[in-house]
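This report describes one protein model, taking its sheet, its pocket and its cysteines in turn. The sequence and structure are shown first.

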Amino acid sequence: MIPKDFPRRMMSRAIHLAREGRDMDNGKPFGAVVTKGEEIIAEARSEVICTGDFTQHAILRTIRKASRKLKSRKLSGCVLYTSCEPCMMCLGAAYWADFDYIYFGASAQDAVTRGFSYSGMYRNSDPHQRHDEFKMIQLCREEAIQVLKAARKENLKT
């Protein structure tokens, strides 16, 4: 049986990875973790800037790693923890991966408010419907927002 505090600990790990990404010279403030039971299967932070590849989002990198480790394109039985609500590209990949649940910290609107991009179509969709359909649960929002706020301040300086 999964301990009651496990989701909070895994979200804290995703937020820690986001903080690491933010603090890199050319990183972005997003992190993700995939678990199966109580085991961390994969984790990653965004490497969009340092690789010059816009597909290197933390969620996509984590899904790739988890799929390789489990030798499966389906990740049913797994849970995704992400420091920020998935963008459309990442949400599509999460859908096909078939996660049992997706926990997210900051919302898409929280990210947009702090200067990060999300599609207008995504922002205009009903978040409650999106969260229900994809079994998304928000957790540790304030902690996740603090990472985005700090990143936004740094972006304004450069």
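How many bridges join strand 3 to strand 4, and do the two run parallel or antiparallel? In this predicted model, strand 3 (residues 78–84) and strand 4 (residues 101–106) run parallel and are joined by five bridges. One of the pairings places Y81 opposite Y103, its bridge partner in strand 4.

**The sheet**

Both strands belong to an open sheet of five strands, in which the pairing is mixed and the order is 2-1-3-4-5. The edges are taken by strand 2 (39–45) and strand 5 (136–138), and because each of these has a single partner strand, one side of each is left without a neighbour in the sheet. On average, and with direction ignored, neighbouring strands of this sheet are turned by 20° against each other.

**The largest pocket**

The largest pocket of the model has a volume of about 350 Å³. It is lined by 20 residues, of which F30, H57, C87, S117 and Y118 are the closest to its centre. Strand 3 appears here again, since the elements that give two or more residues to this lining are helix 3 (58–70), strand 3 and helix 4 (88–97). By residue type, the lining of the largest pocket divides into twelve nonpolar, six polar and two charged residues.

**The cysteines**

C87, named above among the residues closest to the pocket centre, also raises the matter of disulfides, of which the structure holds zero. The nearest cysteine sulfur to that of C87 belongs to C90 and is 3.7 Å away, and the nearest to that of C90 is in turn that of C87, at 3.7 Å. A disulfide requires the two sulfur atoms to be within 2.5 Å, so a pair at such a separation does not count as one. C87 has a relative accessible area of 16% and is therefore buried, and C90 likewise counts as buried, at 2% relative accessibility.

**The N-terminal segment**

I2 is found in the segment before helix 1 (6–23). With a relative accessible area of 41%, I2 is partly exposed. The C-alpha atoms of I2 and P29, which stand 27 residues apart along the chain, are separated by 28 Å.

The accessibility values of the three residues discussed are set out below.

| Residue | Relative accessible area | Class |
|---|---|---|
| C87 | 16% | buried |
| C90 | 2% | buried |
| I2 | 41% | partly exposed |

Note on methods: Residues numbered from 1 in each chain as written. Predicted model: local features only at pLDDT ≥ 70, side-chain atom pairs only at ≥ 80, totals over all residues. Heavy atoms only, no water. Buried < 20%, exposed > 50% of the residue type's maximum accessible area, 1.4 Å probe, protein only. Pairing = 2+ DSSP bridges. Helix = DSSP H or I, 4+ residues; strand = E, 2+ residues; numbered from the N terminus. Axes fitted to C-alpha atoms, helices over the stretch in contact; angles between N-to-C directions. 1 Å grid on protein atoms, 1.4 Å probe; cavity = no way out; pocket = protein on both sides within 12 Å on 5 of 7 lines; lining within 4 Å. Points joined across faces, edges and corners; volume = space filled by probe spheres on them. Nonpolar A, V, L, I, M, F, W, Y, C, P; charged D, E, K, R; others polar.
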